[in-house]
Amino acid sequence: MNSTKIKEAAQLIRKAKYAVAFTGAGISVESGIPPFRGENGLWNVTDPIFLEIEFFNKKPFQSWQKIKEIFYDKLGDAKPNIAHETLAKMEKRSFLETVITQNIDHLHQLAGSKYVYELHGTYKNMVCTECQSEYDLSFANLDYLPPTCFVCKGILKPDIVFFNEPIPHFAKKRSFKEAEKADVFIIIGTNAEVLPAARIPEVAKENGAKIIEINIQPSHYTNTITDIFLEMKATEAMREIGKLLYL
Ligand code: APR
């Protein structure tokens with residue numbers, strides 16, 4: 001059953017004029033990064049208040065302690081898996097134009113993808129809350145929290161989108177444009193319960209794209225906009241698609 005659908009998906013991708021991928025936490029689960037929701041979800045064990053921008057502004061030390069524990073102590077060791085790698089190879093071989101991701105883990109870039117729009121920012125950058133200077137993570141000292149700016153000693157904030165913070169303008173604008181242009185749109189491992197990101201696949205569908213979805217279980221897209229649903233792990237599905245594309 002799945003093998004027929006995988007062949008259909010690969011065929012769609014092969015023939016696509018403008019294929020775009022849209023990824024969420026599920027693509028990185030097999031790299032050892034927990035998702036946000038569901039049984040092993042981060043929000044089951046961590047209060048999301050630590051990632052509200054108001055809380056960060058009022059109590060940066062407490063917020064940073066949690067952020068370091070849930071992101072920085074883990075993400076540094078994570079490696080891209082075959083799903084990230086296959087997307088990167090697809091881009092290289094012109095089967096894929098761009099990746100739009102809700103992930104902050106930088107694994108698409110580590111796998112070699114060049115055109116990545118990070119809707120929720122990246123843990124790899126820091127920005128000063130006072131003078132807006134930007135730093136690579138390697139310049140921030142996380143042994144003393146909260147880390148501070150070299151220029152003005154202001155508190156550094158990770159360049160990720162906190163709750164109640166707007167999405168980075170450029171990534172948002174480009175992502176919606178990519179969705180409009182796509183004729184094949186591949187959704188991988190997301191519940192997409194957070195707006196405006198959740199709207200992006202719908203915009204692709206409204207503009208005529210065929211929707212391929214990969215997830216270990218149905219999402220709210222599955223019975224609404226998805227054309228081909230591959231109910232399997234991201235690594236398994238992308239490994240098979242990669243073989244059929246001779247990557
Ligand atoms: N392969 C494919 N899909 C998987 C896998 C896997 N190995 N493991 C889990 N999934 C699926 C789950 O079934 C679920 O649909 O990945 C999805 C993960 O969903 P969430 O944890 O809700 O993550 P995501 O959709 O990326 O969350 C969106 O919510 O809290 C915010 O800012 C946060 O960017 C995040 C946003």
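**Exercise 1. Two cysteines**

The sulfur of cysteine 152 lies 3.5 Å from the closest cysteine sulfur, in cysteine 128, too far for a bond. Task: state how many disulfides the structure holds, and class cysteine 128 and cysteine 152 as buried, partly exposed or exposed.

Solution. Start with the ground rules. This is a predicted model, in which local features need pLDDT of at least 70 and side-chain atom pairs count only at pLDDT 80 or more, while totals for chains, interfaces and linings use all residues. Residues are numbered from 1 along each chain as its sequence is written, and side-chain values use heavy atoms, with hydrogens and water left out.

Step 1. A disulfide is a covalent bond between the sulfur atoms of two cysteines. The criterion here is a pair of cysteine sulfur atoms within 2.5 Å.

Step 2. The structure holds zero disulfides. Cysteine 128 is in none, and its nearest cysteine sulfur, that of cysteine 152, is 3.5 Å away.

Step 3. Apply the accessibility classes: buried is under 20% relative accessible area, exposed is over 50%, and partly exposed is in between (1.4 Å probe, protein chains only). Cysteine 128 has 1% relative accessibility, so this residue is buried. Cysteine 152 has a relative accessible area of 33%, so this one is partly exposed.

**Exercise 2. Aromatic pairs**

Task: count the aromatic pairs and class the pair of tryptophan 64 and tyrosine 72.

Solution. Step 1. A pair of aromatic rings is described by the distance of the centres and the angle of the planes. Rings of Phe, Tyr and Trp (its six-membered ring) pair if their centres lie within 6.5 Å; planes under 30 degrees apart are stacked, over 60 edge-to-face, and the rest tilted.

Step 2. The count by this rule is nine aromatic pairs. In the pair of tryptophan 64 and tyrosine 72, the ring centres are 5.6 Å apart and the planes stand at 40°, so the pair is tilted. Both tryptophan 64 and tyrosine 72 are buried.

Step 3. Look for clusters. Phe36, Trp43 and Phe163 are linked into one by ring pairs.

**Exercise 3. Strand β7 and its partners**

Task: describe the burial of β7, its pairing with β1 and β8, and the crossover to β8.

Solution. Step 1. Helices (H or I, at least four residues) and strands (E, at least two) are DSSP runs, numbered from the N terminus. Strand β7 spans residues 184-188, and five of its five residues are buried. Val184, Ile186 and Ile188 point one way; Phe185 and Ile187 point the other way.

Step 2. Two strands pair if DSSP finds at least two bridges between them. Strand β1 (residues 19-23) is joined to β7 by five bridges, and the two run parallel. Alanine 21 stands opposite isoleucine 186 in β7.

Step 3. Five bridges also join β7 to β8 (residues 210-215), again in parallel. Here isoleucine 187 stands opposite glutamate 213 in β8. From β7 the chain crosses through helix α8 (residues 199-206) to β8, a right-handed β-α-β crossover. Right-handed means that, with the strands pointing away from the viewer, the path from the first strand over the helix to the second runs clockwise.

**Exercise 4. Backbone exceptions**

Task: place proline 146, proline 196 and serine 94.

Solution. Step 1. Most residues other than glycine have a negative phi, and most peptide bonds are trans.

Step 2. Leucine 145 and proline 146 are joined by a cis peptide bond, with omega about -5°. Proline 146 sits in the loop between β5 (134-136) and β6 (156-160). Leucine 195 and proline 196 also share a cis bond, with omega about 5°. Proline 196 is in the loop between β7 and α8.

Step 3. Serine 94 has a positive phi, near 65°. Serine 94 lies in the loop between α5 (82-92) and β2 (98-101), and is exposed, at 59% relative accessible area.
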